[in-house]
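Dear colleague,

Please find below the structure that I am handing over to you, together with its sequence. My notes on it come afterwards.

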Amino acid sequence: MKIETYEGSLQELQADVLVLILDRQNELFDLDNEGLQERVAGAKDQFSSGKLSRELTFAPKDLEVDTVLVYHSDLEKNYGFWENLKTFAARAIRFGAETGRPRVAFALNSEAGLEHVSKIVEGLVLGSYTFEKYRQKPRKLFEDSVAVIWTSNSEEAQKQIDLSRVLCEATNGTRDLVNESASVITPAALVRKAQDLAASHSLQVDTWDTARLTQERMVGLLAVGAGSEHPPFMVSLSYQPESPSDVHLVLVGKGVTFDTGGISIKPAEKMHLMRGDMAGAAAVLGAMDIIGQLKPSIRVTAIVVTAENSPDGKAMRPGDILSYRNGKSVHIENTDAEGRLILADGLIHAGDIGATHIVDVATLTGAAVRALGYSFTGIMGNNRTLINAVTRAGGNHGEAYWKLPLPAEYKEYIKSSVADINNLGGPVAGATTAALFLQEFVPDGAKWAHLDIAPTFWKEKPWKYFGEGASGVAARTLADLAVNWTENTAR
Ligand code: BES
Ligand code: ZN
Ligand code: ZN
């Protein structure tokens with residue numbers, strides 16, 4: 001999709017559709033046309049009285065525009081203004097594409113309008129994403145679409161367009177990885193993806209194969225990957241700012257390319273979604289794609305821990321005991337609680353490379369889905385400032401995090417009678433006991449936050465500006481965390 005800016009008059013604006021978004025607090029545009037102004041004032045009343053329940057369309061007089069499309073943020077009371085802008089942008093470009101009106105202009109020519117260009121672009125780029133690769137006839141709905149940003153400051157608008165495009169195209173890349181089949185996105189394929197990113201953005205990449213994992217005693221990856229034809233890997237991707245930084249942020253992503261549950265096998269229903277059990281890894285790779293382009297002032301490393309969890313004669317078994325490199329032993333009660341086993345290796349490695357701050361991202365527990373539903377990512381950790389920073393970074397992009405408790409009291413649930421800890425918690429607080437397990441592997445002194453994206457990595461039905469399928473959650477949050485580090489970590 002092309003996104004252009006236009007700085008001229010309304011009279012000369014050439015478009016099939018002109019989109020006007022109304023809001024009680026924000027005047028996004030300034031219409032130098034009395035007839036149109038009157039019509040919009042009338043629409044405001046109709047929206048308030050409930051007469052208009054979705055949108056208003058009409059053909060304007062004396063303009064080069066075919067159709068005016070009006071939305072009001074009162075129509076979407078569940079969400080904030082920024083989210084509504086994105087939803088309306090996504091709806092408008094779709095309306096245009098489906099009705100043979102591909103050139104869609106957005107009226108943002110006021111001061112408030114200029115401030116919100118990036119939100120419109122986010123709605124356009126995320127809202128026009130679909131996964132078409134396997135269709136005989138891929139749908140090319142947005143092929144001819146052109147979005148025109150009608151602005152009073154093209155230069156500033158263009159800056160926002162460019163920035164938002166970087167963020168959202170990387171997010172769509174994350175979505176592609178998660179939507180793709182597990183036969184294609186194997187652990188080796190995630191490694192190749194990391195290597196490609198390293199090549200395009202001059203990042204350092206370090207890949208550990210089975211031999212190296214064995215040498216380094218990365219026992220979680222080796223055990224979880226033991227039942228698969230596709231061997232496990234740990235790959236780290238590093239960004240180094242020009243001037244040295246005291247902060248070394250390490251992002252650890254769960255990359256289980258398919259989670260059958262292993263010997264503790266899952267039921268067949270919905271198992272296909274477990275191709276998305278690498279969404280944490282895809283998110284940290286997406287974040288590095290953005291970070292490599294926006295070049296923040298802090299050091300950032302992504303560690304992808306990746307394996308396929310399959311049942312097999314060589315697979316790990318319930319009752320096995322793993323001795324980790326940090327000295328802790330783990331009893332495997334259930335081979336389906338595999339994410340924490342490989343993340344433990346990643347957390348240990350984060351300590352080795354000098355992490356000051358660690359954020360891990362994982363589709364970790366069904367319990368988080370039961371606690372939070374599909375709209376919130378669970379967040380836990382050992383440092384309030386870091387948790388708030390992630391939450392704030394997410395808030396800049398409509399990604400919502402909700403803090404769950406992490407009390408030492410519940411360590412009771414991960415006790416084992418034969419090893420230091422058990423990989424399965426008790427019958428309650430599953431998201432918390434999984435995080436308590438991870439905490440055992442957080443290096444001393446590191447500030448740590450854990451994001452359980454099991455609730456949010458997948459949309460079963462369209463939601464806001466997202467279509468069905470992978471959401472790309474956390475890529476923008478993590479990039480924003482790094483890029484706006486000072487603002488995000490200020491209390
Ligand atoms: N990958 C799953 C968690 C998951 C569930 C992600 C639903 C996305 C959607 C994880 O490896 C798992 O199987 N967790 C088990 C843990 C249990 C065995 C302690 C779960 O949540 O049931
Ligand atoms: Zn599992
Ligand atoms: Zn899993």
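The notes below cover a metal site first and then the aromatic side chains. Please bear in mind that this is a predicted model.

Metal site

The zinc ion (ligand 2) is held by Asp259 (OD), Asp336 (O), Asp336 (OD) and Glu338 (OE), with distances of 2.0 to 2.2 Å. Asp336 thus appears with both O and OD in the list of donors. Along the sequence, the spacing of the donor residues reads D-x76-D-x1-E.

The geometry of this site is irregular, and the angles among the six donor atoms run from 69 to 165 degrees. For reference, ideal octahedral angles for six donors are 90 or 180 degrees. Six donors count as octahedral if opposite donors are over 155 degrees apart and all others lie between 65 and 115 degrees; anything else is irregular.

A second ion, the zinc ion (ligand 3), lies 3.2 Å from the zinc ion (ligand 2), and Asp259 coordinates both. Asp259 and Glu338 link distant parts of the chain, being 79 residues apart. Asp259 belongs to strand β9 (residues 248-259), whereas Glu338 is in the loop between β12 (329-331) and α10 (339-352). Both Asp259 and Glu338 are buried.

Aromatic pairs

The count of aromatic pairs comes to ten. One of them joins Tyr410 and Tyr413 in an edge-to-face arrangement, at 5.5 Å centre to centre and with 70 degrees between the planes. Tyr410 is partly exposed, at a relative accessible area of 29%, and Tyr413 is likewise partly exposed, at 30%.

Phe457 and Trp458 form a pair as well, with ring centres 6.1 Å apart. Their planes meet at 50 degrees, so this pair is classed as tilted. Phe457 has a relative accessibility of 9% and therefore counts as buried; Trp458, at 11%, is also buried, because the cut-off for this class is under 20%.

In addition, Tyr79, Trp463, Tyr465 and Phe466 make up one aromatic cluster.

Charges over rings

Two basic side chains deserve a mention here. Arg39 is placed over the face of Phe58, 4.2 Å from the ring centre. The charged end of Lys119 lies over the ring of Trp82, at 4.0 Å from the centre of that ring.

With kind regards

Conventions:
Residues numbered from 1 in each chain as written. Chains lettered and ligands numbered in written order. Predicted model: local features only at pLDDT ≥ 70, side-chain atom pairs only at ≥ 80, totals over all residues. Heavy atoms only, no water. Donors = N, O, S within 2.8 Å, 3.2 Å for Na, K, Ca; no water. Tetrahedral: all angles 85-135°; square planar, octahedral: opposite > 155°, others 65-115°. Helix = DSSP H or I, 4+ residues; strand = E, 2+ residues; numbered from the N terminus. Buried < 20%, exposed > 50% of the residue type's maximum accessible area, 1.4 Å probe, protein only. Phe/Tyr/Trp six-rings, centres within 6.5 Å; stacked < 30°, edge-to-face > 60°. Lys NZ or Arg CZ within 6 Å of the ring centre and 35° of its normal.
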